[in-house]
Structures are given as structure tokens and as C-alpha cells.
Amino acid sequence: VGPLWIGTTSRQRMLGFCKLGVDVESIDTTPPDGHALKSLGARLGRRMGLDWDLAGANQQILEAVYRSPPGLIWIEKGLTIKPKVLSEIKQRHPGIRLIAYSPDDMLLPTNQSRSYLRSIACYDWHVTHKSFNVSELTALGARRVYYAVKSFDEQTYYPRQLTVSEQEKWGADVAFLGGYEQPRFETMLAVAQMGIRVKIWGPGWERVVKRHVNLEVRPG
């Protein structure tokens with residue numbers, strides 16, 4: 001369960017499960033209208049900790065469990081997943097293991113929601129890449145927290161032979177991929193000010209277009 005559009009690490013992990021031979025049923029938490037996430041109301045709602053399930057993921061999870069109870073439900077950054085749904089699953093099928101995974105610091109307010117905070121104790125395991133989140137999640141009621149060392153998806157990241165046009169399109173002294181955050185911008189700006197050519201891909205960077213001659217924000 002997670003955002004599964006092409007390019008997300010959630011999709012990479014899902015395909016990783018499939019490669020391991022696991023029988024996987026996927027549920028995409030991305031709203032059918034992707035622009036809904038970028039609307040002013042949605043952004044304000046996230047800042048207030050609200051969690052609108054525009055994708056209907058909660059109902060999809062319940063329907064999947066009713067059809068064929070799985071051994072494990074892996075939920076990636078489940079900000080819209082309701083605690084009552086998780087509790088209902090446990091009541092009906094106590095053997096199902098509920099896993100909460102996130103590559104982000106879930107103690108930051110921007111990475112939280114009311115549903116997520118109320119669901120922490122519902123999960124059998126929390127998986128995090130942030131070592132400092134282990135004790136913090138435990139203090140918030142997590143029963144078990146597993147610290148996972150970061151890795152990469154070999155089906156996505158591997159050496160390629162580039163054409164001249166591809167080198168012109170993608171080439172840079174430094175390439176940054178990821179969503180806009182103020183500290184990230186300040187770091188990339190400092191690199192650009194050192195005379196290093198930086199290209200950035202990711203959502204939210206429109207606000208800093210043309211801030212420096214060596215800082216190029218690319219679409220897509």
C-alpha cells in the first residue's frame with residue numbers, strides 16, 4: 001500500500017517483493033486526480049495534519065482482506081490509513097502482520113497526520129531508515145521498530161551508455177532528484193554559488209526558478 005506511480009521508491013519496493021517471488025496485491029494511495037494533491041486546500045490540510053483519503057485506499061484494503069486475507073500488509077507512509085481500519089483487520093484476522101514503512105523522518109510535522117499518529121500502536125512493526133526514529137517511535141507507542149540500512153534498486157539504477165543528446169539533456173556537474181525543501185534549496189544554492197552547475201528534478205522547485213545562473217530547475 002503506497003504511492004505507486006512510476007518513479008516512486010514505493011513502486012521499486014513493490015517490484016522488489018515480486019522479484020523475490022512474493023504474491024503481491026498492490027493498492028495505490030495516489031489520488032486519481034494527481035493535481036488534487038497540489039491544490040491549496042490539500043497543502044493547507046497537510047499542514048494542519050488532515051488526511052483525506054482521496055484514493056479510497058482504506059476501503060480497498062478492507063476489500064482486499066475480505067477477498068483473500070494476506071499474511072502481511074506493508075503500508076508505505078500511511079498518512080491516510082485510518083486506525084479503525086487497521087483495528088478491524090486485526091480483530092477479524094489477528095494473524096495478519098501490519099508493517100508501517102517510511103523512508104522519511106516521521107517525527108517531522110510535515111510527515112505526519114492525525115490518522116498516522118493514532119495508528120502507531122496498531123502496527124506490529126515500524127520500519128525506518130532514520131536511526132534516531134527508533135527511540136522516538138517507541139516513545140510514541142510503537143511496539144517494534146526496525147532500523148533498515150538504505151540500499152538501492154538495481155533494476156532502476158545501473159550504468160548506462162548515453163547518447164550525445166541524452167548527455168546534453170541529463171548532464172550536469174551535480175544532479176539533484178527530490179522534492180523541494182528549504183534546507184535542500186540552501187544546500188544546492190551554496191553549491192551553485194561555488195561555480196558548480198546544478199540540475200534539479202522534483203516537485204515544488206518552481207518557486208526558486210532563476211535564483212542562480214548555475215541552478216537549473218528541470219521539468220518532470
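Visitor: In what order do the 3 strands of the open sheet stand?
Guide: This is a predicted model. In it, 3 strands form an open sheet, and their pairing is parallel. The order is 5-6-7.

Visitor: Which strands stand at the edges of this sheet?
Guide: An edge strand has a single partner strand, so one side of it is left without a neighbour in the sheet. That holds for residues 174-177 and for residues 215-218. These are strand 5 and strand 7.

Visitor: What is the average twist from one strand to the next?
Guide: The order to follow is 5-6-7. From one strand to the next, the twist averages 20°.

Visitor: How many bridges pair strand 5 with strand 6?
Guide: Strand 6 covers residues 198-201. Strand 5 pairs with strand 6 in the parallel sense. The number of bridges is 4.

Visitor: Which residue in strand 6 is the bridge partner of leucine 177?
Guide: Strand 5 spans 174-177, which puts leucine 177 at the end of that range. Its bridge partner in strand 6 is tryptophan 201.

Visitor: What angle does the direction of helix 8 make with that of strand 6?
Guide: Helix 8 runs over residues 182-193 and packs on the sheet. The helix touches strand 5, strand 6 and strand 7. Its direction and that of strand 6 make an angle of about 155°.

Visitor: How many bridges join strand 1 to strand 2?
Guide: Strand 1 and strand 2 run parallel. One facing pair is isoleucine 73 opposite leucine 98, the latter in strand 2. The bridges between the two strands number 5.

Visitor: How many residues of strand 2 are buried?
Guide: Strand 2 takes in residues 97-102 and is mostly covered. Buried here means under 20% relative accessible area. Of its 6 residues, the buried ones number 5.

Visitor: What is the volume of the second largest pocket?
Guide: This pocket is lined by 24 residues. Helix 1 (9-19), helix 3 (57-67) and strand 1 (72-76) each supply at least two of them. Its volume is about 580 Å³.

Visitor: Which lining residues lie nearest the centre of the second largest pocket?
Guide: By class, the lining has 15 nonpolar, 5 polar and 4 charged residues. Those nearest the centre are Asp23, Val24, Glu25, Leu72 and Trp74.

Visitor: What share of the contacts in the chain with a separation of 6 or more joins residues 24 or more positions apart?
Guide: The chain has 8 helices and 7 strands. Buried residues make up 35% of its 220 residues. Among contacts with a separation of 6 or more, residues 24 or more positions apart account for 58%.

Notes
Residues are numbered from 1 along each chain as its sequence is written. This is a predicted model: local features need pLDDT of at least 70, side-chain atom pairs count only at pLDDT 80 or more; totals for chains, interfaces and linings use all residues. Side-chain values use heavy atoms; hydrogens and water are left out. Two strands pair if DSSP finds at least two bridges between them. Axes are lines fitted to C-alpha atoms, for helices over the stretch in contact, and angles run from 0 to 180 degrees between N-to-C directions. Contact means heavy atoms within 4.5 Å. On a 1 Å grid over the protein atoms alone, a cavity is a set of points where a 1.4 Å probe fits but cannot get out, and a pocket is an open set with protein on both sides within 12 Å along at least five of seven lines; lining residues have an atom within 4 Å of a point. Grid points are joined across faces, edges and corners, and a volume is the space filled by probe spheres set on the points. Ala, Val, Leu, Ile, Met, Phe, Trp, Tyr, Cys and Pro count as nonpolar, Asp, Glu, Lys and Arg as charged, and the others, Gly among them, as polar. Buried means under 20% relative accessible area, exposed over 50%, partly exposed in between (1.4 Å probe, protein chains only).
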